[in-house]
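Colleague: I'm new to reading structures, so please take me slowly through one part of this one, with a close look at how helices pack. Please explain each term when it turns up.

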Amino acid sequence: MKGATDMPALGDFRRSDVDEWGRSERMRALARRIYEPAYAWWFRAEWEGMEKIPTSGGALLVGNHGGAIPSDAPVIMHGIERDLGRPVYGMADYFFRTLPVIGTLWSRAGGVAARPDNAYRLLREQGQLALVFPEGANGSSKPYAQRYRLGRFGRGGFVEIAMRAGVPVVPVAIVGSEETMPIVLELPRAAKLLGIPYLPVTANMLAMGPLGLVVPFPAKFRLRVLSPVTFDVEPDCDHYPKSRVMQEAEQIRSALQSALSDMLGARRSIWFG
Amino acid sequence: MLVTGADTFWGGRVLRSLEADPTMEVLVGLGTRAPSMPLERAEFVRADETYSILRRIVDATQVDAVIHTFLLVDSSFASTRTLHEVNVIGTMNLLAACGDATSSVRQLVMKSSGLVYGSTERDPNTFSEETPRARPPRTDIERSLIEAEALVVDFAEENPQTAVSVLRCANVLGPDIVTSIGKNLSRPLCPVIFGFDPLVQFVEEGDVVRALEFATREHLAGTFNVAGDGRLAWSEVVSLCGSRRLPLPPILPSLPIAALVRLGVYGFPPELEALLRYGRGLETARLRAAGFEYCFTSAATVEQFARHLRQAKGAGRETTYVYEHDVEQFFRHSPAVVRRPSPVGPSRGDATAGRRSRYPTDTSRAVRRPH
C-alpha cells in the first residue's frame, strides 16, 4: 500500500489555471487585451449605472439578445471584468460545446452551457456573476425588422434559478447589438441540414463577403443597468409557484423593453449613438 | 464479510486491506479466476462469472457484509455480452443471494462508476448524486451499469434491514491499476480529439479502496460519488504524464487508431471518446460529509501516476505476483510453516520472512489485470 498511506499528496501540481468551468483567467486576460480595441474603438461601448452590479456575491445578469452572431455577450463580459474586476460567466446554448476549437476557446473565455444546475452552482455555491439571455437563440435569430422587440423569456427558468439561488436579477438593456450583424434572410432548412440552431444571411455577408461571417458593423453600444430585482422568497426550495415565476419574468421583460424604447428614443445615430 | 471479484484488481486490494483488520472474523473472496493478490486469512472461492454459487456461500458462512467490486467499467476489456453477463446478471445473482428474508447480510456496498451519468454536451458541469441523465445512454457499458444500479435500488427498497451503498467512482488512476486512460497516457503520443480539451476528474486507486472500506465500516446507505478534488484539462494531464498529444479527427475519432487499439497499443472504448469530448465532473461533498477523507486530489493523482511512469521508464517493468494454488495452500495450512503470533496481516512482521522469498518483489503490487 504505497502512496495512500506513505505519502499523502494533497498538493496541486497543475500549471494551468483552468477552473472547474473551463475558464482560464490567463486566457481571459489575453482575450481582454485582444478585445479591448473592439470594445473601445469599434463599438465604443458606454455604460450607464454599472454601479448597480453587485461587487460581491452572486447575481444573475439578464440582457436582450441581438445580431446574428451576438456581440452583446462579449461586450458585457469585457466591460464588467475591465471596470469591476469581477469574472462574468456567459451562459449560452450547449451547442457551442459540440464545436471543435470554438467550443474550447468559448469555455476558456468564460462560457458555460446554460443549464439550471450550472447556473445554480455558479450563483449559489460560488457567488459568481452569470450572464443569461432568456430569449436564447430566438433573440439572436430574429430578422432585422423585429430589432429590439423582446421575444418570449423562455419559461421563466432564469427567475426560478435566481429564487433558488437567493440572488438578485440585474437586467441590462443593450442598444447597438442588433445593428452589428443584421439578419436579412433566414435559411431554416439549410440550418437543419447542418445541425445548427439557425443559419442567417446577414447584411455583413452581403457587404463584405466571407469576411462578413465574423466582422460586425461598428454600431455604437450603449448599455444601461437597471435596478436589481430581488425576490422575497426562501432560497433552496424544491418548487416555486409557477404563476409568481412567470409574473416576475414578465415584469423584468417589460422593464427591459421600456428601457430599450427609452434608449432608442434618445439615440440619434446608429453609428454615433 | 464477503468480497466479490477477488480475482480482479479491486477485490484483491480490498481483501488485502481488510485482512489487516483483526476484528474481521470471516473473510471470503469470490472470483472467477485465481485471486489477484496473495491472500493471508481470506478464504477464496472460485465461481463462474454469473456467481450462481453465491446463495450457498452466503447461507453457509452467514456473512453480514458484502462488497461488490466486480463490475466492469471499461468496455475495451469485454464484449457486449460479457458486459451484460457480468454487470447485470452477476449483480442480479448477488442480490438474489443476499435478499432472502432469513439472510444474514446487513450491509451491501457496490462499486459503480461515474459512467452512469454519461458525458454529453447537454450535461451540467458537475454531477451530484441526484442529477438525472440528460440523455439515454449510448454505450453498452453505461446501459449495463445503469441496469445494475437499478437492480440495487430495487433491492434496497425490498430489504430495508440491509444498508445499501453505491459508490460511483470517477476515472481511476494509479500505479497498479490498468485502465484505457492509463495505458494511453503511458505512450509517447496520447490520443486527444482535435479541438476539444475537456475537464476530467480522477480518483486514486488507494482512495477507492479506502472508500469501499469506509462505506462498509460506517454502514453507509445511499449513493455516493468518489472523486478527487479539482479538475484538470485533458491537455494538461497529457503533458504532466510526459506524453504528447495525438490529435484525432472530431468525426469518427476512433477510426485512425483502430489498428493500434486492436494491437493493444491504445485503449479507445466508446465511453472514452465521449469523455475526451465533454469530460465529467463529480460533486464529492456527500461522501466527505459522511466523514471520509481523501488522500489525493485529482491533480495529485495524475502527478503520482506521472511519477510512476517516470520510474517505470527508468527501472523497466517489474515482475508481479502470480497466484499458485498449491503454494498458497502450503503457506496457509502446512504444519511445516512456522507460525509466530503476529496479529496483523501480511508481509509486515518477521513472521512473513519465509514468505518474502516467494515474492521477491513488492508483494503489495497486484497482478496487472483489468479491473
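Modeller: Here's a walk through a helix pair in chain B, followed by some of its surroundings.

First, some housekeeping: this is a predicted model, so local features need pLDDT of at least 70 and side-chain atom pairs count only at pLDDT 80 or more, while totals for chains, interfaces and linings use all residues. Residues are numbered from 1 along each chain as its sequence is written, chains are lettered from A and ligands numbered from 1 in the order in which they are written, and side-chain values use heavy atoms, with hydrogens and water left out.

Let's start with the whole chain. Chain B has 13 helices and 13 strands; helices here are DSSP runs of H or I with at least four residues, strands are runs of E with at least two, and both are numbered from the N terminus. Chain B has 371 residues, and 59% of them count as buried. Buried means under 20% relative accessible area, exposed means over 50%, and partly exposed is in between, with a 1.4 Å probe and protein chains only. Among the contacts in chain B with a separation of 6 or more, 78% join residues 24 or more positions apart; a contact means heavy atoms within 4.5 Å.

Now for the pair. Two packed helices are described by the angle between their axes and the distance between the axes. Here the partners are helix 3 (residues 80-98) and helix 4 (residues 140-158) of chain B, with an angle of about 10° and axes 9 Å apart. Helix 3 of chain B therefore counts as roughly parallel to helix 4 of chain B. Each axis is a line fitted to C-alpha atoms, for helices over the stretch in contact, and angles run from 0 to 180 degrees between N-to-C directions. Under 35 degrees counts as roughly parallel, over 145 as roughly antiparallel, 65 to 115 as roughly perpendicular, and the rest as oblique.

Which residues meet in this contact? Helix 3 of chain B brings, among others, L83(B), V88(B), T91(B), M92(B) and L95(B), and across from them helix 4 of chain B offers residues including I141(B), L145(B), A148(B), L151(B) and F155(B). Sorted by type, the residues of this contact are eleven nonpolar, five polar and two charged. Nonpolar covers Ala, Val, Leu, Ile, Met, Phe, Trp, Tyr, Cys and Pro, charged covers Asp, Glu, Lys and Arg, and the others, Gly among them, are polar.

Zoom in on L151(B), which sits in helix 4 of chain B. Setting aside neighbours within four places in sequence, L151(B) touches V88(B), M92(B) and L95(B). Its C-alpha atom is 7.7 Å from that of T91(B), a residue 60 residues apart from it along the chain. With a relative accessible area of 23%, L151(B) is partly exposed.

E142(B) is also in helix 4 of chain B. Is E142(B) buried or exposed? It has a relative accessibility of 4%, so it counts as buried. Neighbours within four places aside, E142(B) is in contact with L115(B), G118(B), R133(B), P137(B) and E271(B).

For another covered stretch, look at helix 1 (residues 9-19) of chain B, where eleven of the eleven residues are buried. That list includes F9(B), W10(B), R13(B), R16(B) and E19(B). What do the buried residues of helix 1 of chain B pack against? Their partners in chain B are strand 1 (2-4), strand 2 (28-31), strand 4 (65-68), strand 5 (107-113), strand 7 (171-173) and helix 6 (205-217).

Finally, a quick look at two loops. Most residues other than glycine have a negative phi, and most peptide bonds are trans. Q62(B) has a positive phi, near 55°, and isn't a glycine. Q62(B) sits in the loop between helix 2 (54-61) and strand 4 of chain B, and a relative accessible area of 48% makes it partly exposed. L252(B), not a glycine either, has a positive phi of about 50°. You'll find L252(B) in the loop between strand 13 (244-248) and helix 8 (258-262) of chain B, and at 56% relative accessible area it is exposed.
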